[in-house]
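I opened my notebook to look up a few backbone angles and to follow how one helix sits among its neighbours. The entries below are kept in the order in which I looked.

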Amino acid sequence: MNLYITRHSKTLWNTLAINQGHLDSPLTEEGIELALSLRKYKIKFDKVFSSDLYRAYHSARLIVGDEVEIEKTPLLREIDVGMWSGKSLERIRREHRKSIDTYFKEPQDFRNPSGEDLYDLMERVDRFFNECIFYKDYTNVLIVTHGVTLCAILDYIEKVPMEKFWSNGKRRNSQYNLVECRGNRLKIIKKAPKSKNRNYSL
């Protein structure tokens, strides 16, 4: 089984450097074009999974067209950043300096009383693979998710310890990461380039 995993396309809040989390903002015109550009690979997907947040679902719909069924799941949502949602990283650094420093520098110690911590996110990723991917009889699967969730997926596959959570960084919008799955064994074939934007929660 081949897993084509991509981060949703570029959104309005991506361009404004505003944290989205479980909030949403629409794709930009550039974002729509980026998602449509993935059609050039002409991959025939026999299964499509998308986060149930609209920016991911809209990206998935643009990639596969109107005739393909898309299974939406909250397991692929972005991390819920709680009280940080809808705020810029600059504002968060002013208002929550200690928490944001822990988030990036000591992720194993980060706790979010108003949302999810990274352990919650990793648990969702584990559930997704166990419930939706392992031992399934698919050939080519499209998975459309989010920046931090994609980082968690790559960490999950590579068994990265929580203290090094950010080592996989945030990947660019609308580019494929290719993973091979055999039974319950996962192998990364190709990673998309890292984003130049350092705001990991967008």
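I began with the residue that follows helix α3, which is Gly65, and I noted that its phi is positive, near 90 degrees. The model I am reading is a predicted one, so I keep to computed values throughout.

From Gly65 I turned back to α3 itself, which covers residues 54-64, and asked how many of its 11 residues are buried. I found 9 of them, and therefore I describe the helix as largely enclosed by the rest of the structure. I wrote down the buried residues as Arg55, Ala56, His58, Ser59, Ala60, Arg61, Leu62, Ile63 and Val64.

Next I asked which elements the buried residues of α3 pack against. I listed the strands β1 (2-7), β2 (47-51) and β4 (140-145), together with the helix α2 (29-37).

I then looked for positive phi values at residues that are not glycine, and I noted Tyr135, with a phi of about 65 degrees. I located Tyr135 in the loop between α6 (118-133) and β4. Is Tyr135 buried or exposed? Its relative accessible area is 63%, and since the cut-off for exposed is over 50%, I entered Tyr135 as exposed.

My last entry concerns Lys159, which is not a glycine either and has a positive phi of about 55 degrees. I placed Lys159 in the loop between α7 (147-158) and β5 (177-182). With a relative accessibility of 72%, Lys159 also goes into my notes as exposed.

Terms used. Residues are numbered from 1 along each chain as its sequence is written. This is a predicted model: local features need pLDDT of at least 70, side-chain atom pairs count only at pLDDT 80 or more; totals for chains, interfaces and linings use all residues. Side-chain values use heavy atoms; hydrogens and water are left out. Buried means under 20% relative accessible area, exposed over 50%, partly exposed in between (1.4 Å probe, protein chains only). Helices (H or I, at least four residues) and strands (E, at least two) are DSSP runs, numbered from the N terminus. Contact means heavy atoms within 4.5 Å.
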